[in-house]
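Visitor: I have a model open here and would like to talk through a few of its features. Could you take me round?

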Amino acid sequence: MSQSRSYLHILLSVILLSLSSCRSSINPAKVTYAVNCGGSEYVDKDGVRYVKDTGYDSGIESDFGQTIQFMLTEDETVYKNERYGLDTFSYTIPVTEDGKYVLILKFSEVYFQKSGEKVFDVRIGDVSPIQNMDIFDKVGRYAAYDKFVQLEIKDGSLFIDDKEVEDAYSSDDDELTIDFVKREHDNPKVNGIILVKGTLDDTHYQSHEYLMKEIETLKKKQLEEQKAAAEKKKQTKKSQKETGKKQQEKKQDQQADDFEETNESIQEDDTEHEDKTKKPEEQRKATNWDYAKNIQSDDFEESYSEFDTVTLGYEGEGGLFELMFSLPGFLISLLLAVFSGSFYLIDKAERQTKKSQRVH
């Protein structure tokens, strides 16, 4: 039994005890017949005498509930035994006089632990006064539950709710037949049957109905609490999910920032390395170029100086004629000097470059 169901039963048991001093009860003098289904003869606290199990056409007796303590009753004996059927089964009880009667059917659930697992009907002739009987759904497991059906025998006929019922009562045999009808969910059952000649006021109907109303009130309250708890759990889960999502987004943003910083740092290192590598090369090229320019400038000045000396040597009278006369020779000498100087410069620049490369 679930914790919530036990809690419900404790509350109801307290209510039942509080009503015990003023509760309505069965008048044993009005009881015309009582049978302890699946059990032996005994007398309950109200003084009602039950006969041992008899009057059935089939089914299986069981005392599975003998070791169980039942809730919602002051006399649990009748709820500890039962008769159930693998198919529809029937009880026949004696009804010898005309008049108004109350049929009391007693039930308890000792096996199943949730609603919808045992569901059956109770049929009397062509009428089903009890349909979709689900004991667990009404009171849970290990709890007493009674149903009340008002009958009337008049002029040899049976009436339920002022409607004549066929194929249930035999005035010749003075017997009433009650069918426990199997449906798709497990097997029909019954724990006890009582027939009271009189009305509901001659039974414990008022106390029982009050208790059932309290059960419904507590069940609704319990359902509301369960819904509230489920909603709270849902909101908590949603909040945790949103918090987790935000934390994940924050983590992803941080990872992206870290990656960007790392990437920028790598690029800066690559740029710095490239600058360090490029600078010596540029310095080497600049040094070689300046050296070459200096060599060319020095050689040019030297050649010019020689040319100037030759020119100046023809100064004075007759100098211009001698200069003109010796011009071809001069030109040839000048070209040879230029070529010689160029080869010298090239060779010197190459040797200087190789020397610089060995240094670096």
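Guide: We can go through some strands and then a charged part of the surface, keeping in mind that this is a predicted model.

Visitor: Let's start with strand β1, then: is it mostly covered or exposed?

Guide: Strand β1, which runs over residues 31-36, is mostly covered, with five of its six residues buried.

Visitor: And which strand does β1 pair with, and in what sense?

Guide: β1 pairs with strand β16, residues 192-197, in the antiparallel sense and over five bridges; within this pairing, V35 stands opposite I193 of β16.

Visitor: Moving on, what is the strand order in the open sheet of three strands?

Guide: The order is β4-β5-β15, and the pairing is antiparallel. Because β4 (60-62) and β15 (189-190) each have a single partner strand, they stand at the edges, and one side of each is left without a neighbour in the sheet.

Visitor: How many bridges join β4 and β5?

Guide: There are three bridges between β4 and strand β5 (residues 82-84), again in the antiparallel sense, and one of the residues involved is I60, whose bridge partner in β5 is Y84.

Visitor: Different topic: which residues make up the patch of negative charge on the surface?

Guide: The patch gathers E249, D253, D257, D258, E260, E261, E264 and E268.

Visitor: Where is D257 placed, and why does it count as partly exposed?

Guide: D257 lies in helix α3, which spans residues 205-312. Its relative accessibility is 40%, and D257 counts as partly exposed because that value falls between the 20% limit for buried and the 50% limit for exposed.

Key:
Residues numbered from 1 in each chain as written. Predicted model: local features only at pLDDT ≥ 70, side-chain atom pairs only at ≥ 80, totals over all residues. Heavy atoms only, no water. Patch = residues over 30% accessible without salt bridge, like charges linked within 9 Å, V, L, I, M, F, W, Y side chains within 5 Å. Areas by Shrake-Rupley, 256 points an atom, 1.4 Å probe, with all protein chains shown as cover. Salt bridge = Lys/Arg side-chain N within 4 Å of Asp/Glu carboxyl O. Lys, Arg positive; Asp, Glu negative; His and termini not counted. Charge placed at Lys NZ, Arg CZ, Asp CG, Glu CD. Helix = DSSP H or I, 4+ residues; strand = E, 2+ residues; numbered from the N terminus. Buried < 20%, exposed > 50% of the residue type's maximum accessible area, 1.4 Å probe, protein only. Pairing = 2+ DSSP bridges.
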